[in-house]
Each structure stands twice: as structure tokens, then as C-alpha cells.
Amino acid sequence: MSHTNQALLVVDVQESFPKRDYYQEKYVPAFIEATQKLIDGAQEAGIPIVQIFHVEPEGAFSKASGNIKTLAPIKIEPATIIEKHRHSAFAGTTLDIWLKENGINEITVCGIRSEQCCETTTRHGSDIGYKVNYVTEATLTFDMNHPDGSLLTAEQIKHRTETVLSGRFATIRSVDDAIVHFSE
């Protein structure tokens, strides 16, 4: 038996990212494995999956690029697809309407990038009344340089994201915990 009041949001897991110069393949295999396991767990539990694509007018995130498609080798059967033009999947989209029409008040967030679109969607969802689960191991980000030149690793960025979201905007869950929660 599943909670049909839940949905899995798969944010920006798209072919646009490998075209960006900051993309680091070393982080991708673990992300693919965790994300596919989470998607499969949601499907098995009857949890609807919302696939979200980031679309920009030009470049790797434009429709003309041909990259607005699921990042290989992820397999997904979404209940709906939402295109967004901002960091939050809620801003300027029909996501909130779709969730409400389907009786959903709890969302689980995964995708690319941990501290950008995933974190922003998590905060926005919480602010407008959703219970939010954030599955860090099924998010992907890359090493970044601070303005002072120091390096923040992807793991440091994820750790910071968990710190600022936990207890305020989301429940931090592992993939296995999220899958169990789908059926609670």
C-alpha cells in the first residue's frame, strides 16, 4: 500500500549538463545508480513521478540543442513532465496546480544540481505548504570555486545543503529510507 498523497520530483536529470564545462563525470555513476533506484522504488510503490526539465532560450538547455531529454542511462516513466525556466520547479510552472489536482501534499526531491534547482525547489515547496523529503545521494553537483578562490568539493556542497535544509525545509532521507517511506 502506498501513500498516493506523495510524488517524486526528478529535477533537471537531462542531457544538457554533460555539455557544460563544469560537468564532472567522476560524480555521475553513483548519482545514476542512486537516482535509478529511487525512481524504481517510487514506481514500485505507485508513487507518481514528475519529471522536470530546465529550458533556456539558447545553449545546452535550449530545445533546439536536442538536450532536453532524460540523462542516459536513466529510465523513467513520468506521470507528467514540467518545463521550467527558473531555479524553482514551482516558479512560473503548473507544478503546484498538478500536485494539488492529484491530491499530493508531500514531495520527494532528487536531481541536478543539489544546491541550485533541487535546493530551491525544496525551499519553495516547503514555503508553499508541502512536506518535503530531500534525497541527497540522488542529487548531483560538481566542485565549485568560492569567490576567494578556495575549492568546495561536491561533497562539501551537499553537506552544506543538507545542513541548511534539515529541520527547516525538508527531511533528509537516504534512497533506502525514501523508498521505505513511499510505502508507509
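**Exercise 1.** Which residues of strand 4 lie on one side and which on the other, and are these faces covered or uncovered?

*Solution.* The model is a predicted one. Start with the two sides of strand 4: Glu106, Thr108, Cys110 and Ile112 are on one, and Ile107, Val109 and Gly111 are on the other. Next, check burial, for which the relative accessible area must be under 20%. The residues on both sides are all buried, and both faces are therefore covered. Finally, take the strand as a whole: seven of its seven residues are buried, so strand 4 is largely enclosed by the rest of the structure.

**Exercise 2.** Find which strands pair with strand 4, and in what sense.

*Solution.* Take strand 1 to begin with. Six bridges connect strand 1 with strand 4, and the two run parallel. Within this pairing, Ala7 is opposite Ile107. Then turn to strand 5, which also pairs with strand 4 over six bridges, in the parallel sense. Here Glu106 has Lys131 of strand 5 opposite.

**Exercise 3.** Describe strand 3 by its faces and by its pairing with strand 2.

*Solution.* First, the faces. Thr80, Ile82 and Lys84 make up the covered face of strand 3, while Ile81 and Glu83 make up the uncovered one. Second, the pairing. Strand 2 and strand 3 run parallel and are joined by five bridges. One residue, Lys84 in strand 3, is the bridge partner of His54.

**Exercise 4.** Locate the largest nonpolar core and place Leu38 in it.

*Solution.* The largest nonpolar core contains 31 residues, and Leu8, Val10 and Leu38 have the most contacts inside it. Now list the elements that contribute two or more residues: strand 1, helix 1, strand 4 (106-112), strand 5 and helix 5 (175-182). Of these, helix 1 contributes the most, with eight residues. Then look at Leu38 itself. Setting aside neighbours within four places in sequence, Leu38 contacts Leu8, Cys110, Val135, Ala138, Val175, Ala178, Ile179 and Phe182. Another core, of 22 residues, lies apart from the largest one and includes Ala7, Leu95, Ile107 and Ala170.

**Exercise 5.** Classify two of the aromatic pairs and say which parts of the chain they link.

*Solution.* The count of aromatic pairs is four. Take Phe17 and Phe61: their ring centres are 5.0 Å apart and their planes stand at 85 degrees, so this pair is edge-to-face. Phe17 is in the loop between strand 1 (6-11) and helix 1 (28-45), and Phe61 is in the loop between strand 2 (49-54) and strand 3 (80-84), 44 residues apart. Both Phe17 and Phe61 are buried.

Now take Tyr23 and Phe142, which are 5.4 Å apart centre to centre, with 55 degrees between the planes; this pair is tilted. Tyr23 belongs to the loop between strand 1 and helix 1, and Phe142 to the loop between strand 5 (131-140) and strand 6 (144-145), so the pair ties together parts 119 residues apart in sequence. Relative accessible area is 16% for Tyr23 and 0% for Phe142. Tyr22 joins Tyr23 and Phe142 in one aromatic cluster, and Arg113 lies over the face of Tyr22, 4.4 Å from the ring centre.

**Exercise 6.** Work out the surroundings of Thr141.

*Solution.* Thr141 is located in the loop between strand 5 and strand 6. Its relative accessibility is 1%, so Thr141 counts as buried. Side-chain polar contacts connect Thr141 with Arg113 at 3.5 Å and with Glu115 at 2.5 Å. Not counting residues up to four places away in sequence, Thr141 touches Tyr27, Arg113, Ser114, Glu115, Ala154, Ile157 and Lys158.

How values were computed
Residues numbered from 1 in each chain as written. Predicted model: local features only at pLDDT ≥ 70, side-chain atom pairs only at ≥ 80, totals over all residues. Heavy atoms only, no water. Phe/Tyr/Trp six-rings, centres within 6.5 Å; stacked < 30°, edge-to-face > 60°. Helix = DSSP H or I, 4+ residues; strand = E, 2+ residues; numbered from the N terminus. Buried < 20%, exposed > 50% of the residue type's maximum accessible area, 1.4 Å probe, protein only. Lys NZ or Arg CZ within 6 Å of the ring centre and 35° of its normal. Pairing = 2+ DSSP bridges. Core = buried A, V, L, I, M, F, W, Y, C linked by side-chain atoms within 4.5 Å. Contact = heavy atoms within 4.5 Å. Polar contact = N/O pair within 3.5 Å; in protein donor to acceptor, adjacent residues only side chain to side chain.
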